[in-house]
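I opened this notebook to keep track of what I looked up, step by step, and of what came back each time.

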Number of protein chains: 4
Amino acid sequence: MERTYTLVISCPDRVGIVAKVSNFLAMYGGWITEASHHSDLMENWFFMRHEIRANSIPFSLAEFRSAFAPIAREFEMDWFISDSEEKKRLVLMASKESHCLVDLLHRWQSGELKCEIPCVISNHEDFRELVEWHGIEYHYVPVDKDNKQASFDQVEALVDAANADCIVLARYMQILPPNLCRKYNGRVINIHHSFLPSFAGAKPYHQAYERGVKLIGATCHYVTEVLDAGPIIDQDIQRVSHRHSIEDMVRLGKDVEKAVLARGLRWHIEDRVIVHANKTVVFN
Amino acid sequence: MERTYTLVISCPDRVGIVAKVSNFLAMYGGWITEASHHSDLMENWFFMRHEIRANSIPFSLAEFRSAFAPIAREFEMDWFISDSEEKKRLVLMASKESHCLVDLLHRWQSGELKCEIPCVISNHEDFRELVEWHGIEYHYVPVDKDNKQASFDQVEALVDAANADCIVLARYMQILPPNLCRKYNGRVINIHHSFLPSFAGAKPYHQAYERGVKLIGATCHYVTEVLDAGPIIDQDIQRVSHRHSIEDMVRLGKDVEKAVLARGLRWHIEDRVIVHANKTVVFN
Amino acid sequence: MERTYTLVISCPDRVGIVAKVSNFLAMYGGWITEASHHSDLMENWFFMRHEIRANSIPFSLAEFRSAFAPIAREFEMDWFISDSEEKKRLVLMASKESHCLVDLLHRWQSGELKCEIPCVISNHEDFRELVEWHGIEYHYVPVDKDNKQASFDQVEALVDAANADCIVLARYMQILPPNLCRKYNGRVINIHHSFLPSFAGAKPYHQAYERGVKLIGATCHYVTEVLDAGPIIDQDIQRVSHRHSIEDMVRLGKDVEKAVLARGLRWHIEDRVIVHANKTVVFN
Amino acid sequence: MERTYTLVISCPDRVGIVAKVSNFLAMYGGWITEASHHSDLMENWFFMRHEIRANSIPFSLAEFRSAFAPIAREFEMDWFISDSEEKKRLVLMASKESHCLVDLLHRWQSGELKCEIPCVISNHEDFRELVEWHGIEYHYVPVDKDNKQASFDQVEALVDAANADCIVLARYMQILPPNLCRKYNGRVINIHHSFLPSFAGAKPYHQAYERGVKLIGATCHYVTEVLDAGPIIDQDIQRVSHRHSIEDMVRLGKDVEKAVLARGLRWHIEDRVIVHANKTVVFN
């Protein structure tokens with residue numbers, strides 16, 4: 001994997017944005033290996049992502065940022081540039097279901113997910129051996145239902161100490177308190193085990209079974225203060241029939257959950273997801 | 001296509017049902033070409049469907065019904081037997097969107113859907129030429145919003161006159177009154193343009209666009225008095241992204257709608273769908 | 001639908017292409033509503049497609065072409081610009097299977113497919129009434145197996161007389177002669193009823209049944225002189241099982257065929273497909 | 001999970017098979033929880049699978065076998081009955097790719113796959129730590145290209161010593177010799193990383209990339225002496241586009257491979273797959 005810089009921009013749409021940005025890049029010899037644009041014609045908003053060969057740019061990212069700042073101001077851009085060699089730091093949180101955790105750990109260990117995992121936090125002890133076998137720190141933070149704030153203060157301290165870029169709720173079955181949701185806005189990713197907005201909240205497979213749907217699904221989304229209502233990154237489904245019990249749905253659903261979470265997380269790590277209003281642009 | 005009889009049974013589950021029925025069939029030399037069973041272990045209910053070569057049975061359907069009645073009573077069966085040569089009579093209803101109507105008419109004309117279509121009823125004149133070109137009667141029944149009952153009385157009279165087995169709402173954009181829903185209970189099939197229970201009611205693609213979902217869908221279901229809440233026969237989805245406008249979703253959705261309706265309708269026609277509580281068993 | 005110009009470019013990849021093109025567009029106030037780029041890192045080739053609001057450009061397409069020519073030469077571009085108001089002219093060819101033809105005619109009639117259909121050519125008389133009902137000319141050109149060249153000379157004359165941009169083989173079951181393939185290179189679209197490269201040639205569903213595959217498919221591709229080996233535009237599949245006979249596969253396959261052909265054709269019409277070597281870039 | 005017996009039968013089709021079998025079961029009070037039938041009308045062959053509550057049968061499996069033998073002879077049945085408490089013993093074989101192995105080990109460890117895994121055999125040392133962490137024996141059997149027979153003699157001895165019911169080639173990149181294929185006929189399951197029959201043999205993703213297909217796939221099949229030509233249990237696909245490199249295809253393909261292998265293996269373990277000629281009936 002060649003080292004690349006990723007430049008991500010969103011701003012009000014108007015004539016000349018691409019010209020300005022691509023001129024800037026061309027002027028310094030920037031070799032674009034991947035470029036994605038999107039104009040939201042309803043919102044009149046523009047989104048752009050470039051991957052650039054790092055060694056084609058003659059200066060550092062700090063210098064890039066200084067040089068680019070005037071353009072960003074001119075077009076009122078919300079923007080950043082990231083470096084493929086500075087891997088994002090992900091804190092994983094899990095409870096009693098192992099499938100998403102095992103899946104992410106394997107993708108990380110095999111080098112498929114380019115990230116650091118400084119630690120895993122859980123409200124149970126179940127996965128300590130698994131996580132530590134991967135050489136990752138494990139923090140057991142039980143959640144006392146009469147004093148959740150104390151637990152989440154501890155979670156917050158651990159996340160801060162880990163210098164984390166992102167929290168991944170890999171079937172973590174507690175609801176994050178609003179202050180955490182706000183503090184890590186756009187940086188907490190959850191997998192919900194239904195095809196949202198159907199069956200938000202608890203026991204979605206039971207709800208699906210009761211309704212007699214013929215497809216079950218999973219949704220990877222950013223967490224906001226409103227339960228299961230944040231911007232959706234990805235969704236997928238699995239066909240079911242009258243022959244499937246709730247237990248079958250739970251089992252089949254696991255495969256969809258882990259696939260959708262891994263996909264959404266990969267896109268987040270590669271800076272392919274841009275949140276605007278309560279929706280996402282995903283340059284996958 | 002060989003002539004077949006289809007025997008459809010549902011009843012409380014217990015030991016010996018299959019033995020009794022298959023003995024009955026074997027005793028008369030009945031050659032089973034397709035057999036499907038389902039035990040609902042939660043509800044303790046049993047479902048069974050057989051296709052039998054008509055010429056392997058030595059008597060008429062009337063005689064079959066008499067001979068089988070004691071077994072049906074013994075096991076408290078809800079049951080019927082149908083004849084592939086007695087085609088179901090379907091009344092199609094449509095409004096302004098032609099895709100489902102054209103699709104069904106072509107499947108009928110090409111012999112894929114084995115049914116009769118005595119007439120099409122619409123609250124608009126738009127499809128008269130299309131329908132009549134297929135050699136099918138067209139009834140224009142406008143719906144006066146201040147006197148819907150009069151319109152639906154007319155619809156009811158037309159359906160009765162057509163001696164219809166089934167009403168198909170092929171994107172018919174009026175809500176059937178409760179008395180019609182009750183009268184044709186289990187015999188009115190609708191296509192809803194969302195993945196129910198998400199986005200019930202009006203303008204589902206607009207709702208989907210607003211929520212930013214990554215999959216849109218369609219649902220074929222039996223109509224009950226509760227809007228978009230009847231037993232689901234089939235569902236399917238189509239992937240969308242930030243690049244798709246509402247208009248794109250409407251366009252892409254049409255293909256899912258017509259596919260799901262055609263599939264669900266085919267299963268209904270072939271007596272593959274059994275409704276129990278508010279769910280379906282589909283022996284497809 | 002707003003009037004747009006579509007600018008499609010492919011050329012050897014190097015630094016500065018996007019800057020040059022976007023500067024050119026920005027200089028004249030060109031408002032880009034959709035932009036897609038692709039760098040083929042193996043072939044070192046660059047592909048770009050822009051949709052531009054027609055009324056944002058202050059001159060005609062002829063003037064655009066003159067003004068852009070020097071840039072195109074500098075970067076050795078293979079390029080063109082098209083106008084959404086100059087609809088492509090498609091000649092459809094069919095044989096005995098109606099599903100693709102009916103599907104395309106309906107998409108055209110309902111305004112979904114933005115194209116002209118000057119005529120339909122068939123080696124059978126079967127679809128004359130259907131086609132003429134749509135107000136489209138029908139040409140019956142039987143293919144004499146002992147003198148195919150005469151038949152295809154007639155086909156060629158009809159296509160030329162129709163001033164066609166594209167020939168669509170909508171389950172046309174004759175093989176076009178090499179001279180026609182060459183003459184309309186990149187402008188003849190076929191639907192093959194298998195998931196190529198599996199089951200090329202005749203009776204693919206029979207081949208699929210014999211092999212016991214669990215998925216059947218369809219492939220939309222450009223026609224070249226080598227049978228079923230041209231650049232693939234799109235493919236899709238349908239799940240099957242031991243319960244499906246060859247007849248079932250043929251029936252289920254029809255829905256995949258018509259969906260894949262309609263999708264591929266739409267992309268071709270919208271200038272979203274660029275052929276390079278024997279592969280396609282599809283900016284969908 | 002309740003204890004069940006699974007009765008699997010295939011035989012020439014004729015009237016009375018179901019009656020005879022279901023009478024036999026009913027006579028002894030056998031409670032059928034799942035029943036599947038299939039008549040292959042082309043081959044005139046009948047397939048049947050029953051799951052029966054173990055505690056509803058008043059005698060042992062040995063007694064069942066004796067009592068049922070006369071019926072089996074009468075109908076020339078190929079048949080067996082298995083006990084959900086006698087778990088199948090699977091030997092896994094792998095080489096350098098870990099995704100299928102990790103996936104199967106997790107499904108086994110979490111109790112999803114009801115089987116024993118006495119050992120893993122590999123021609124590399126890479127996965128020793130992983131496998132042993134799961135508490136499973138690891139055998140390193142290098143394959144000397146100049147003396148493959150010696151290696152496979154060792155494999156055979158290990159499989160025999162493990163008293164294995166089934167060998168699973170979880171991306172094992174060596175070809176089993178014909179004598180092993182014959183010895184374990186119908187009991188060696190492989191995952192091939194293409195949508196067979198496309199791209200059999202080596203480097204299927206490279207072949208897929210070269211051909212420019214728009215879908216890649218994987219195939220789970222029984223191994224026979226003819227490479228990649230055995231009876232197919234399951235297949236699935238993943239959409240790709242011009243943006244995907246060979247490396248991307250390899251990465252995306254892994255998820256399909258492991259899903260298809262796990263599904264096929266589950267069906268095999270649950271005695272849901274019946275091989276007939278070179279095809280499978282899968283009662284899933």
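The entries below go through the interfaces, one helix and the aromatic rings.

**Entry 1: the model.** I note at the outset that I am working with a predicted model, in which local features were taken only at pLDDT of at least 70 and side-chain atom pairs only at pLDDT 80 or more.

**Entry 2: chain B against chain A.** I started with the contact itself, and found 35 residues of chain B touching 35 residues of chain A. The area buried between chain B and chain A came out at about 2900 Å², with 54% of that area given by carbon and sulfur atoms. On the side of chain B, I listed R211(B), K214(B) and H242(B) as the residues that lose the most area to chain A, together 24% of what that side buries.

I then turned to the polar side of this interface, where the search returned 4 salt bridges between chain B and chain A and 21 residue pairs in polar contact. I looked up one salt bridge by name, and it joins the side chains of D236(B) and R239(A), with N to O at 3.4 Å. When I asked which elements of chain B supply at least two residues each to the side that touches chain A, the list was β2 (32-40), α7 (204-211), β11 (232-239), α8 (246-269) and β13 (279-282). Of these, β11(B) gives the most, with 7 residues.

**Entry 3: chain D against chain C.** I repeated the search for the other pair, and here 35 residues from chain D meet 35 residues from chain C. The buried area between chain D and chain C is about 2900 Å², and carbon and sulfur atoms account for 55% of it. In chain D the residues losing the most area to chain C are R211(D), K214(D) and H242(D), together 24% of what that side buries.

For this interface I recorded 4 salt bridges, among them one between D236(D) and R239(C), whose closest N and O atoms are 3.4 Å apart. The polar contacts across chain D and chain C number 21 residue pairs. On the side of chain D that touches chain C, β2 (32-40), α7 (204-211), β11 (232-239), α8 (246-269) and β13 (279-282) each supply at least two residues, and β11(D) gives the most, with 7 residues.

I also checked for charges over rings between these two chains: the charged end of K279(C) sits over the ring of Y209(D), 3.4 Å from its centre, while K279(D) lies over the face of Y209(C), again with 3.4 Å to the ring centre.

**Entry 4: helix α7 of chain B.** Which residues of α7(B) are buried? I wrote down P204(B), Y205(B), A208(B), Y209(B) and R211(B). Their cover comes from two chains, and includes β2 (32-40), β11 (232-239) and β13 (279-282) of chain A as well as β9 (188-192), β10 (215-222) and α8 of chain B. Directly after α7(B) comes G212(B), for which I read a positive phi, near 75 degrees.

**Entry 5: aromatic rings.** My last search covered the whole structure and found 32 aromatic pairs over all chains. One of them is F59(A) with F64(A), an edge-to-face pair at 6.3 Å centre to centre and 75 degrees between the planes. I checked both residues for exposure, and F59(A) and F64(A) are both buried. Following the ring pairs onward, I found that they link F24(A), Y28(A), F59(A), F64(A), F68(A) and W79(A) into a cluster.

Note on methods:
Residues are numbered from 1 along each chain as its sequence is written. Chains are lettered from A and ligands numbered from 1 in the order in which they are written. Side-chain values use heavy atoms; hydrogens and water are left out. Rings of Phe, Tyr and Trp (its six-membered ring) pair if their centres lie within 6.5 Å; planes under 30 degrees apart count as stacked, over 60 as edge-to-face and the rest as tilted. Buried means under 20% relative accessible area, exposed over 50%, partly exposed in between (1.4 Å probe, protein chains only). A charge sits over a ring if NZ of Lys or CZ of Arg is within 6 Å of the ring centre and within 35 degrees of the ring normal. Contact means heavy atoms within 4.5 Å. Buried area is the accessible area (1.4 Å probe) that two parts lose on being put together, summed over both. A polar contact is a pair of N or O atoms within 3.5 Å; within protein, one must be able to donate a hydrogen and the other to accept it, and residues adjacent in sequence count only if both atoms are side-chain atoms. Helices (H or I, at least four residues) and strands (E, at least two) are DSSP runs, numbered from the N terminus.
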